[in-house]
Amino acid sequence: MALSLYVDTDRWRAHQQSVVQEFPGIVPVCKGNGYGFGHERLADEATKFGADILAVGTTYEAARTKDMFGGDLLVLTPFRKDEEPVPLPDRAIRSVSSVEGVGLMRGARVVIEVMSTMKRHGITEQDLPRLHAAIDEVRLEGFAIHLPLDRTDGTDAVEEVIGWMDRLRAARLPLETMFVSHLQPHEFAILQQQFPQTRFRARIGTRLWLGDHDATEYRGAILDVTRVTKGDRFGYRQGKIAGDGWLVVVAGGTSHGVGLESPKALHGMTSRAKGVARAGLATVNRNLSPFVWAGKQRWFAEPPHMQVSILFVPADAPEPHVGEELTAILRHTTTMVDRTVDR
């Protein structure tokens, strides 16, 4: 009995191919938990559709992935001079976000990140005059720009990239390759048309692996069902049941990422009101689970355990049975499943 990820494999791969066609020279991203699929699976998928380079998050991920993927490995986290050294093959490419960092990477293959409106990390326009001497000591694979997802101020992603292309060109820096992220297909095409001498390569993870929401589904198997009546005590804390129904033990707990939710950016009064309502319910131990039974998300009876969750299903719903599965609304990037099932 397991928390499972079901994959409509043909549909999932068809979506991958559509993204590959939209972004020639795509750099698939495989980081974190492998977007819910795992590094080995995504490395294999990238090999199948002919990727020559795979982007990973850290040097530790590169070390684990090097035997799963035979092409180049682009490490997205920038080099830091005091980082723990991790042995990597020559096909590993390091991101660098400072002139000092470039100077410390003598002989290495590097991609230089420029500072975007993300304001996360990257070299600035003021750094460009000092880059000439530094890049002579490394094997420069290109420049990169990591763009924001939302542009609430009305700015344009293409114009931001063009601005940096003009700055790099004015500084007489090589522009053979520019790695980009968070562009729409038409924006990517505009840049390639405007700068035909530069090869643009889109680093894509979420859109590639998770862009077709209907190609995947999480399900948790029911392990036990216990009939309860209002006022019965149960669980670790011996709380009282609020009404008649069933306690349902389902596969999927904190070790899988169930009940662990990353903060969300709230936009508009409706989403903010819902956030306030959820917070208010949580103060009286009412937390909605990600598990769905008979078309409704069901409440946690108590906080999820390490490998299972206990839900309360009221008596007006159909009776659950051991061995049946509940669909689960889970975030791919925070979920670890027991198994993946291809259909």
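**Exercise 1. Is Met 68 buried, partly exposed or exposed?**

Before the solution, a word on the model. It is predicted, so local features need pLDDT of at least 70 and side-chain atom pairs count only at pLDDT 80 or more, while totals for chains, interfaces and linings use all residues. Residues are numbered from 1 along each chain as its sequence is written, and side-chain values use heavy atoms, without hydrogens and water.

*Solution.*
- Start with the place: Met 68 sits in the loop between helix H3 (59-65) and strand S4 (72-75). Helices (H or I, at least four residues) and strands (E, at least two) are DSSP runs, numbered from the N terminus.
- Next, take the relative accessible area, which is 32%, so Met 68 is partly exposed. Buried means under 20%, exposed over 50% and partly exposed in between, with a 1.4 Å probe and protein chains only.
- Now look for partners: leaving out residues up to four places away in sequence, Met 68 touches His 39, Glu 40 and Ala 43. Contact means heavy atoms within 4.5 Å.

**Exercise 2. Work out how H1 and H2 pack.**

*Solution.*
- Helix H1 (residues 9-22) and helix H2 (residues 39-48) have axes 11 Å apart, at an angle of about 60 degrees. Axes are lines fitted to C-alpha atoms, for helices over the stretch in contact, and angles run from 0 to 180 degrees between N-to-C directions.
- H1 and H2 are therefore oblique to each other. Angles under 35 degrees count as roughly parallel, over 145 as roughly antiparallel, 65 to 115 as roughly perpendicular and the rest as oblique.
- For the residues, Thr 9, Trp 12, Arg 13 and Gln 16 of H1 meet Arg 41, Leu 42, Glu 45 and Lys 48 of H2.
- Sorted by type, this contact of H1 with H2 has 2 nonpolar, 2 polar and 4 charged residues. Here Ala, Val, Leu, Ile, Met, Phe, Trp, Tyr, Cys and Pro count as nonpolar, Asp, Glu, Lys and Arg as charged, and the others, Gly among them, as polar.

**Exercise 3. Do the same for H6 and H7.**

*Solution.*
- Helix H6 (residues 157-170) packs against helix H7 (residues 185-194) at about 30 degrees, with the axes 10 Å apart.
- That angle makes H6 roughly parallel to H7.
- On the H6 side, Ala 157, Val 158, Val 161 and Ile 162 meet Glu 187, Ile 190, Leu 191 and Gln 194 of H7.
- The contact of H6 with H7 divides into 6 nonpolar residues, 1 polar and 1 charged.

**Exercise 4. Describe the surroundings of Thr 335.**

*Solution.*
- Thr 335 is in the loop between strand S17 (325-328) and strand S18 (339-342).
- With a relative accessible area of 1%, Thr 335 is buried.
- A polar atom of the Thr 335 side chain lies 2.7 Å from the backbone oxygen of Arg 331.
- Beyond neighbours within four places in sequence, the contacts of Thr 335 include Leu 3, Tyr 218 and His 256.

**Exercise 5. Examine phi at Lys 119 and Arg 172.**

*Solution.*
- As background, most residues other than glycine have a negative phi.
- Lys 119 is not a glycine, yet has a positive phi of about 55 degrees. Lys 119 lies in the loop between strand S6 (109-114) and helix H5 (128-135), and is exposed at 66% relative accessible area.
- Arg 172, also not a glycine, has a positive phi of about 60 degrees. Arg 172 lies in the loop between H6 and strand S8 (177-181), and counts as exposed at 70% relative accessibility.

Key. A polar contact is a pair of N or O atoms within 3.5 Å; within protein, one must be able to donate a hydrogen and the other to accept it, and residues adjacent in sequence count only if both atoms are side-chain atoms.
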